[in-house]
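The following exercises practise the reading of helix packing, burial and backbone geometry. Please work through each task with the sequence and the structure at hand before turning to the solution.

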Amino acid sequence: HLLIKGRADQISHVMNFSYPILIAFTAYLVLLLIIGIKAYGHTHSLNDYILGGRKLGPLIVALSVGASDMSGWLLLGLPGAVYLAGLSEAWLGIGLAIGAYFNWRFVARSLRIYSERANNALTLPDYFEFRFKDETKLIRSVSAIVILIFFTFYVASGLVGGAILFENSFFISYEVALVGGCLLIVFYTMIGGFLAVVWTDAMQAFLILLALVIAPILVFFEIGNGSELILKMETVKPGSTNLLSGVSSIGFVSLLGWGLGYFGQPHILTRFMAARNPNEMNFARRAAMSWMILVLAGSVASGLAGIVYFSETPLANSETVFIALNQSLFNPWVAGIITAAILSAIMSTIDSQLLVSSSVVSEDFYKVFIRPDASEKELILVSRVGVLCVACVALWIASDRESKVLELVSYAWAGFGSAFGPVIVFSLFLRTMTAKSAVISMFVGSITVIVWSNLEGGLFDLYELVPGFVVASFSIIFFSRLAPQENKPTLKEFDDITREIDAT
């Protein structure tokens with residue numbers, strides 16, 4: 001009886017306020033603030049603030065990548081989509097798992113080595129400029145602008161998810177929940193920097209795993225055996241247990257296409273750059289993929305469980321299905337911990353994105369164009385101000401109560417995947433690639449996503465990431481052949497680093 005509550009008082013769509021939930025939840029938030037303060041004491045340089053001094057062990061890298069990747073959509077957007085459409089939405093998770101594996105397999109270790117050899121690059125714009133020896137600063141500027149634009153939307157998606165969680169758990173208004181959640185995340189990110197973010201990410205990864213494994217299992221045990229459950233799902237929502245039900249060819253490609261986005265996500269790529277030892281990446285990959293497969297399966301299972309559990313009282317907002325399961329199944333004290341896990345998924349992505357955005361403000365704009373001789377103390381201060389500024393703009397976007405978490409995430413994910421994904425991959429493997437082809441690719445990829453997302457019908461129903469990634473990739477190949485890299489020092493550096501990557 002510690003975990004499962006009786007069904008006598010179950011689900012009226014509105015989760016009942018509980019002081020045990022509030023107390024457990026508050027204790028978790030206090031722990032986050034303590035971690036942020038502790039990380040502040042270990043942050044002595046800009047390298048520490050942005051990349052943690054490149055001292056992350058493989059398990060921390062793995063868990064931090066997972067937690068920062070799996071934002072609020074994992075516990076809100078994806079379960080909600082499965083709750084509405086059934087098992088066919090699982091193709092999104094399958095596509096993500098495939099993309100994540102290839103990102104770990106072919107990008108992680110190579111980027112870690114190359115970014116350090118390329119003048120110890122701290123940010124992606126840093127890496128791009130040093131990789132291509134671009135003295136015009138154009139590639140740095142373009143990539144920094146892309147990061148700020150799309151991360152602002154991405155942060156907004158997390159704030160929406162956090163506000164939904166607070167609103168449904170504690171019966172406070174959406175606006176108050178939005179501002180309160182934003183202030184909390186901004187505080188510990190501002191003071192603790194990268195170390196605060198990765199330490200909290202590691203803890204949050206365990207909470208997320210716990211929540212997504214336990215909740216659907218309890219529902220399945222309570223409702224009956226596997227055959228009974230499938231029969232009930234089909235009765236409530238015909239076709240919900242069919243992996244291909246209602247999936248068109250365009251929908252199938254769109255869902256799998258989400259995996260392409262991994263190659264261009266700055267908050268994930270910077271974790272690779274911060275690893276202590278590139279030779280530990282194999283262990284990190286295995287740990288990260290094991291965690292990811294478990295949480296994705298749990299997320300899909302939660303949506304399926306909600307179809308049966310709320311069959312008599314359908315939820316008004318599909319994205320609250322996991323919150324409703326949590327507070328209906330568990331003892332209030334346990335529910336408080338699980339509620340904290342939901343917030344973990346949201347916060348672990350927002351803090352990472354805010355940090356990357358702030359590093360762009362300080363390292364790629366302020367230091368390069370305003371005060372090249374700025375001290376590290378001054379740059380850290382600018383980074384902290386950058387966190388606040390990006391958060392304020394994202395807060396304004398998220399103030400729209402009708403915002404959907406998955407829609408905001410999909411737009412930002414597509415933007416980064418198309419603008420940066422091809423550039424990252426080809427920069428590591430295409431010897432003749434130039435800064436000009438990289439800039440053109442970023443521009444073409446971004447524009448394709450923006451234009452495609454505003455068109456409807458037929459082929460334009462395809463997820464904008466797929467055409468954006470393809471067009472950006474072809475532009476790199478075309479312009480690299482048309483005007484290949486001829487700078488001998490750049491070519492020699494590429495050959496030397498490639499030999500190092502292959503040899504270790």
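The exercises below concern this predicted model.

**Exercise 1. Helices α18 and α19**

Determine how helix α18 (residues 435–452) and helix α19 (residues 465–482) pack, and which residues make the contact.

*Solution.*
Step 1. Two packed helices are described by the angle between their axes and by the distance between those axes.
Step 2. For α18 and α19 the angle is about 155°, and the axes are 8 Å apart.
Step 3. Angles over 145 degrees count as roughly antiparallel; α18 and α19 are therefore roughly antiparallel to each other.
Step 4. The crossing of α18 and α19 is right-handed.
Step 5. On the α18 side the contact involves S437, I440, S441, V444, G445, T448 and W452. On the α19 side the partners are P467, G468, V471, A472, S475, I476, F479 and S480.
Step 6. Sorted by character, the residues of this contact of α18 with α19 are eight nonpolar, seven polar and no charged.

**Exercise 2. Helices α17 and α19**

Describe how helix α17 (residues 421–429) packs with α19.

*Solution.*
Step 1. The angle between α17 and α19 is about 35°, with the axes 9 Å apart.
Step 2. The crossing of α17 with α19 is right-handed.
Step 3. G421, P422, V423 and F426 of α17 meet F469, A472, S473, I476 and I477 of α19.
Step 4. The residues of the contact of α17 with α19 comprise seven nonpolar, two polar and no charged.
Step 5. A comparison with Exercise 1 is instructive: A472 and I476 of α19 are among the residues that meet α18, and A472 and I476 are also among those in contact with α17.

**Exercise 3. Helices α3 and α11**

What is the relative direction of helix α3 (residues 58–69) and helix α11 (residues 266–273), and which residues join them?

*Solution.*
Step 1. The helices α3 and α11 pack at an angle of about 175°, and their axes are 9 Å apart.
Step 2. This angle makes α3 roughly antiparallel to α11.
Step 3. The contact is formed by V61, S64, V65, S68 and D69 of α3 with H267, I268, R271 and F272 of α11.
Step 4. The residues of the contact of α3 with α11 divide into four nonpolar, three polar and two charged.

**Exercise 4. The largest nonpolar core**

How many residues does the largest nonpolar core have, and which helix gives the most to it?

*Solution.*
Step 1. The largest nonpolar core has 158 residues.
Step 2. Those with the most contacts inside this core are W104, F128, L159, M292, L354, W413 and F420.
Step 3. Helix α8 (residues 174–223) gives the most to the core, with 22 residues.
Step 4. L159 serves as an example: leaving out residues up to four places away in sequence, L159 touches L178, C182, I350, A391, A394, L395 and A398.

**Exercise 5. Three residues within helices**

Decide whether S299, S383 and A196 are buried or exposed, and identify their contacts beyond four places in sequence.

*Solution.*
Step 1. S299 is found in helix α12 (residues 281–309). Its relative accessibility is 0%, so S299 counts as buried. S299 touches L74, L78, P79 and L212.
Step 2. S383 lies in helix α15 (residues 376–398) and is buried, with a relative accessible area of 0%. The contacts of S383 are L46, Y49, S358, S359 and S362. From C-alpha to C-alpha, S383 and S362 are 5.2 Å apart in space, and they are 21 residues apart in sequence.
Step 3. A196 is found in helix α8 and is buried, also with a relative accessible area of 0%. A196 is in contact with I35, G36, A39 and Y188. The C-alpha atoms of A196 and H42 are separated by 9.4 Å, and these residues are 154 residues apart along the chain.

**Exercise 6. Positive phi**

Where are N120 and K133 placed, and are they buried or partly exposed?

*Solution.*
Step 1. Most residues other than glycine have a negative phi.
Step 2. N120, although not a glycine, has a positive phi of about 50°. N120 sits in the loop between α5 (90–117) and α6 (124–132). With a relative accessible area of 32%, N120 is partly exposed.
Step 3. K133 is not a glycine either, and its phi is positive, at about 50°. K133 is placed in the loop between α6 and α7 (138–170). K133 is partly exposed, with a relative accessible area of 38%.

Terms used
Residues are numbered from 1 along each chain as its sequence is written. This is a predicted model: local features need pLDDT of at least 70, side-chain atom pairs count only at pLDDT 80 or more; totals for chains, interfaces and linings use all residues. Side-chain values use heavy atoms; hydrogens and water are left out. Axes are lines fitted to C-alpha atoms, for helices over the stretch in contact, and angles run from 0 to 180 degrees between N-to-C directions. Helices (H or I, at least four residues) and strands (E, at least two) are DSSP runs, numbered from the N terminus. Angles under 35 degrees count as roughly parallel, over 145 as roughly antiparallel, 65 to 115 as roughly perpendicular and the rest as oblique. A crossing is left-handed if the near helix is turned anticlockwise from the far one by less than a right angle, and right-handed if clockwise. Contact means heavy atoms within 4.5 Å. Ala, Val, Leu, Ile, Met, Phe, Trp, Tyr, Cys and Pro count as nonpolar, Asp, Glu, Lys and Arg as charged, and the others, Gly among them, as polar. A nonpolar core is a set of buried Ala, Val, Leu, Ile, Met, Phe, Trp, Tyr and Cys residues joined through side-chain atoms within 4.5 Å. Buried means under 20% relative accessible area, exposed over 50%, partly exposed in between (1.4 Å probe, protein chains only).
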